[in-house]
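Dear colleague,

I am handing over the structure below, and I would be glad if you could look through it with the notes that follow beside you.

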Amino acid sequence: MSEAHLLKQALRSVVSGQAKANACAYRPGWHLAPPVGLLNDPNGFVQHNGRYHLFYQWNPLACAHGAKFWGHWSSLDLVNWRHEPLALAPSEEFESHGCYSGSAVVDKQHLTLIYTGNVKYANGSRTAFQCLARENADGEFDKIGPVLDLPQGYTGHVRDPKVWQYDGHWFMVLGAQNLDLQGKILLLRSSDLLTWHSLGEIAGSGLNGLGEFGYMWECPDLFRLAESDVLICCPQGLTAEPHRYLNTFQSGYFVGELDYQRGEFPHGDFNELDLGFEFYAPQTTLSEDGRRLMIGWMGIPDGDEFYQPTVEQGWIHTMTCVRELTLQAGKIVQRPARELQQLRGEKQTWSGTAQQAPRWGITQAEVEIETEHPFSAQFGEALTLIWDGECLTLSRINRRTNQPETRFWHGVLQQLTLLCDSSSVEIFINQGEAVMSSRYFPTLPARLTLTGSKQIALSYWPLANCMIE
């Protein structure tokens with residue numbers, strides 16, 4: 001299908017559907033969402049010449065997964081964003097079933113995209129190509145085409161290249177599935193982004209002390225943090241346990257030390273990045289001021305996504321907020337990017353017993369809770385958070401099964417930060433020791449209702465809209 005045809009169809013979809021999407025009561029005020037259609041993985045998160053660029057998997061033609069495009073936003077401050085020209089459309093034979101996820105680097109002062117071209121065949125098989133596209137003077141991207149074919153020994157599930165530079169070479173991690181249907185992470189090296197040499201498998205099911213650990217690993221990201229190397233990945237096929245691995249697919253990380261010469265990555269245990277109902281495919285970048293920033297998709301593939309009410313309004317899914325990462329005692333700590341404080345309105349504070357707390361509006365708000373005592377919180381009659389002194393539980397009714405579902409965190413609670421938008425909540429526990437991110441669809445205008453007989457201290461800020469031009 002020609003690129004011109006795809007772009008015409010995408011333009012028609014946006015023009016005809018955006019008014020309806022914008023009128024949706026659950027449209028976020030300060031999270032990024034697609035103009036129309038379906039959004040999923042963040043791609044190509046990078047800062048270049050002071051401006052952040054965030055690309056994203058996008059189907060502008062329907063609220064459905066299919067042949068994905070790459071949309072493109074940019075921002076100077078992570079708060080005010082503008083639409084950039086559509087970056088990629090799946091118009092070539094090597095990407096006929098989608099321009100799948102990937103990353104962006106700055107090469108010779110030009111943004112360069114590295115992504116997976118997904119190809120499916122009539123007999124049910126598939127293949128994948130890792131492809132390049134370079135930015136031109138108009139801010140658009142010219143496709144160079146495949147630079148890496150499907151490696152031997154793997155199924156057609158090889159995707160999601162994340163590329164960085166180290167010691168004068170380019171390195172790439174790739175998610176893969178071997179012929180025994182086990183998930184792996186591959187490491188490759190290049191001097192020019194065009195010719196790539198395999199350094200082997202550095203992580204995956206059956207490696208580095210892991211037993212069987214999933215049939216596919218997606219969305220890898222490897223970076224340096226506090227004198228350690230961190231590998232983020234999304235293993236598919238982990239067996240659910242009573243209080244962990246409860247989503248359809250998981251997103252988490254390993255901490256270790258990458259040996260660039262030997263292509264080895266001895267690492268510790270797998271830790272989930274987010275304990276809520278919706279979080280997947282995160283991607284990080286190193287900001288020009290030295291911070292490691294992360295953003296994720298507030299969704300889960302193959303879950304109950306198509307039962308969300310925004311589908312009827314012609315759009316589905318949002319990104320998480322941007323988060324700053326640090327490593328403390330071998331664990332990732334996540335905090336909302338400091339730039340988001342620009343959205344705060346006038347601060348209010350309150351203290352007393354939880355059941356006497358004011359019922360503040362949380363359609364767009366930030367709330368800080370300080371307490372060690374048991375309490376519960378209702379978010380717009382659609383989501384419940386309970387702290388019983390030992391376990392924090394987040395509960396809701398599943399929209400597909402109409403049955404209750406719960407997520408868990410265990411620890412010593414001191415403080416919570418609740419970042420609320422029209423249809424989402426991101427709960428940062430103990431200044432980012434853990435996070436629980438979830439979409440929810442409350443009775444609007446949503447209010448926070450607290451119960452409990454013990455003391456609690458609250459701080460509250462209404463949050464303004466982010467700007468999208």
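**The six-stranded sheet**

In this predicted model, six strands make up an open sheet in the order β22-β32-β23-β28-β29-β30, with antiparallel pairing. At its edges are β22 (348-353) and β30, each of which pairs on one side only, and neighbouring strands of this sheet are turned against each other by 15° on average, with direction ignored. Within the sheet, strand β28 (residues 415-421) pairs with β29 in the antiparallel sense over six bridges, and D421 is found opposite S424 in β29.

The edge strand β30 deserves a closer look at one residue, S437, which lies in that strand. S437 counts as buried because its relative accessibility is 0%, where the limit for buried is under 20%. Its C-alpha atom is 4.5 Å from that of G276, although S437 and G276 are 161 residues apart in sequence. When residues up to four places away in sequence are not counted, S437 touches D274, G276, F277, E278, M298, R323, V425 and E426.

Two loops that adjoin β30 also hold details to check in the viewer. Q431 is placed in the loop between β29 (424-429) and β30, and its phi is near 60°, a positive value in a residue other than glycine. With 43% relative accessibility, Q431 counts as partly exposed. The loop between β30 (434-439) and β31 (448-451) contains P445, and the peptide bond leading from L444 to P445 is cis, with omega near -5°.

**The four-stranded sheet**

A further open sheet is formed by four strands in the order β5-β6-β7-β8, and here too the pairing is antiparallel. The edge strands are β5 (99-107) and β8 (141-148), each pairing on one side only, and the twist from one strand to the next averages 25°.

Although β5 is an edge strand, β5 is mostly covered, with eight of its nine residues buried. The antiparallel pairing of β5 with β6 runs over eight bridges, and V106 has L111 in β6 as its bridge partner. The hairpin of these two strands has two residues between the strands, and in this hairpin K108 takes a positive phi near 55°. On the next pairing, strand β6 (residues 110-120) and strand β7 (residues 126-135) run antiparallel and are joined by nine bridges, with L113 standing opposite A133 in β7.

Another positive phi is found in strand β9 (residues 154-166), where D160 lies. The phi of D160 is near 70°, and this residue is likewise not a glycine. D160 counts as buried, because its relative accessibility is 5% and the buried class covers values under 20%.

**Cores and cavities**

In soluble globular proteins, nonpolar side chains tend to be buried together. Which residues touch the most other members of the largest nonpolar core? They are F375, F379 and L416, in a core of 34 residues. With its neighbours within four places in sequence left aside, F379 is in contact with I362, L385, L418, C420, V425, Y440, P442, R447 and L448. There is also a second, separate core of 30 residues, which includes C24, Y56, W81 and W297.

As for enclosed space, the structure holds four cavities of 30 Å³ or more, and the largest cavity has about 100 Å³ of space in it. The lining of the largest cavity consists of W30, H31, L32, L78, V79, W81, I295, T320, C321, V322, L340 and C466. W81 therefore appears both in the second core and in this lining.

**One exposed loop residue**

Finally, A23 lies in the loop between α1 (3-22) and β1 (37-48). Is A23 buried or exposed? A23 counts as exposed, since its relative accessibility is 61% and the exposed class covers values over 50%. The C-alpha atoms of A23 and R126 are separated by 39 Å, and these residues are 103 apart along the chain.

With best regards

Notes:
Residues are numbered from 1 along each chain as its sequence is written. This is a predicted model: local features need pLDDT of at least 70, side-chain atom pairs count only at pLDDT 80 or more; totals for chains, interfaces and linings use all residues. Side-chain values use heavy atoms; hydrogens and water are left out. Two strands pair if DSSP finds at least two bridges between them. Axes are lines fitted to C-alpha atoms, for helices over the stretch in contact, and angles run from 0 to 180 degrees between N-to-C directions. A nonpolar core is a set of buried Ala, Val, Leu, Ile, Met, Phe, Trp, Tyr and Cys residues joined through side-chain atoms within 4.5 Å. Buried means under 20% relative accessible area, exposed over 50%, partly exposed in between (1.4 Å probe, protein chains only). Contact means heavy atoms within 4.5 Å. On a 1 Å grid over the protein atoms alone, a cavity is a set of points where a 1.4 Å probe fits but cannot get out, and a pocket is an open set with protein on both sides within 12 Å along at least five of seven lines; lining residues have an atom within 4 Å of a point. Grid points are joined across faces, edges and corners, and a volume is the space filled by probe spheres set on the points.
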